[in-house]
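Subject: Structure handover

Hello,

Here is the structure you asked about. Please load it before reading on; my notes follow below.

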Amino acid sequence: MSEELRCIGCGSVLQDQDPKKSGYLPSSALKKALESDDNEVYCQRCFRLRHYNEIMPVEENNDDFLALLNSISQKKALVVNVVDLFDFSNSLISSIKRFIGGNEYILVGNKVDLFPKNSKESKIKDWMRQEANRNGLKPEKIFLVSAAKKKNLEDLMAFLAKKGEKKDIYFVGTTNVGKSTLINAIINMNSDLKDVITTSKFPGTTLDEIKIPLSNRHYLIDTPGILNANQLASHLSGKELEVVEPKKPLKPATYQLLPGQTIFLAGLGRFDYVDGPSAGFTIYVARDLYVHRTKTENADTFYEKHKDDLLLPPRKEDNLGPLKGQTFSPKEKSDILFGGVGFITTPADVVVKAYTPEGIGLGIRRALI
Ligand code: GDP
């Protein structure tokens, strides 16, 4: 019988095949553990949890995770859904509605620092509410914050402090929305909380929660981040994300376009101006992303010729699928959304066709500016 090594944290059999399954350890670490006499080996998840207070993400349909969400609906709790304002539709978890039960539910839109300075917060909130409603979610309140820049956190904190007197507060969200950054910011602002973080296991599962005592008997609970295949961060390499994910407020670049002209946002977006007068279109993407204008009649050839050089990212290995188009005929000034890549503001009464790789998805909203 081959030797079986178990994690001393969670008891799972250690394996180096599937990072998403329990007991995972990278091959090199597993090999080292098997060769040494050291029996005190942690799987990667337990290691991170012990050392960085970090919870490993899970897939949305993970049974343990569904059970965890289900348990929230049985409790008296406040559910705080953290979303990425810059990739809102891909970070909204529609299945969450089944688990909110009769509980209070709020949306926290993070990364508001990326929006252009003159964006109207009321417009951003209106758009979030409409999208949430469309997905069957009825947030009681919407907060816009920047966890990284510690912007607008006071109102949220005051709200949470008040709710925390009466019930537990669960933070949920997909990966990469900034949930850890936000929780850390909250902890840092309440410096007396720093030393009281406890890590507990959700009973009967392999999932962990991080619990932060709030007031008498109530906790702020961080749940695992949910992996979403449509988020760019699930596909692009770290280096590519550096180029695509904006770090600073988006700087608008206005292009005067005639029908028959096309804009490429690297290989992650294509925008054809189909019909209308000569007009200004304003592009909001990360500063380092390659933007190229060409004639629509040459666009397919240009894409085929340059998809592996000028128009990177994505690379073939990123598995985002081919560009897929959708026609929009906005009747008012609108933003055409390209997943987590950015948006293009179009005037009213024009016809445009926008494309993204299948996985990322397109959207439209009333112009924020
Ligand atoms: P989690 O997976 O939801 O826990 O997300 P993280 O806290 O690890 O953050 C994901 C990425 O978003 C990191 O690159 C962060 O630096 C970035 N990030 C987090 N909060 C903000 C924010 O308020 N503004 C901006 N621009 N980036 C943020």
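How many residues of domain 2 are in contact with domain 3? Eleven, and they meet eleven residues of domain 3. On the domain 2 side, helix H4 (88-91) and helix H6 (121-134) each supply at least two of the touching residues. By class, that side of domain 2 holds five nonpolar, two polar and four charged residues.

Before you go further: this is a predicted model. Please keep that in mind for everything here.

Overall layout

The chain is split into three stretches: domain 1 covers 1-52, domain 2 covers 58-228 and domain 3 covers 241-366. The centres of domain 2 and domain 3 lie 31 Å apart, taken over C-alpha atoms. Ten helices and 19 strands make up the secondary structure count.

For overall dimensions, the C-alpha atoms fill a box of roughly 70 × 50 × 35 Å along the principal axes. The radius of gyration is 23 Å. A compact globule of 369 residues would have a value near 21 Å, so the chain agrees with that expectation.

Of the 369 residues, 40% count as buried. Take the contacts between residues at least 6 apart in sequence: 72% of them join residues at least 24 apart.

The core

In soluble globular proteins, nonpolar side chains tend to be buried together. Here, the largest nonpolar core has 94 residues. Which of them touch the most other members? Val79 and Tyr170 do. Strand S2 (residues 77-84) gives this core its largest share, six residues.

Tyr170 is worth displaying with its contacts. Leaving out residues up to four places away in sequence, Tyr170 touches Ile72, Ala77, Val79, Val80, Ile221 and Thr223. Val79 is thus on both lists: it is among the contacts of Tyr170, and it shares the top place in the core with Tyr170.

The ligand shell

There are 17 residues around the ligand. Which come nearest? Ala148, Gly178, Lys179, Ser180 and Thr181 do. Helix H8 (residues 179-189) gives the most to this shell, with three residues. By class, the shell has four nonpolar, nine polar and four charged residues.

If you want a starting view, I would show three selections. Show the ligand with its 17 surrounding residues. Add Tyr170 with its contacts, including Ile221 and Thr223. Then colour domain 2 and domain 3, where eleven residues of each are in contact.

Best wishes

How values were computed. Residues numbered from 1 in each chain as written. Predicted model: local features only at pLDDT ≥ 70, side-chain atom pairs only at ≥ 80, totals over all residues. Core = buried A, V, L, I, M, F, W, Y, C linked by C-beta atoms within 7 Å. Buried ≥ 20, exposed ≤ 12 C-beta atoms within 10 Å, placed from the backbone. Helix = DSSP H or I, 4+ residues; strand = E, 2+ residues; numbered from the N terminus. Contact = placed C-beta atoms within 7 Å. Near = placed C-beta within 6 Å. Nonpolar A, V, L, I, M, F, W, Y, C, P; charged D, E, K, R; others polar. Rg over C-alpha atoms; globule rule 2.2 N^0.38 Å. Domains from an automatic or database assignment.
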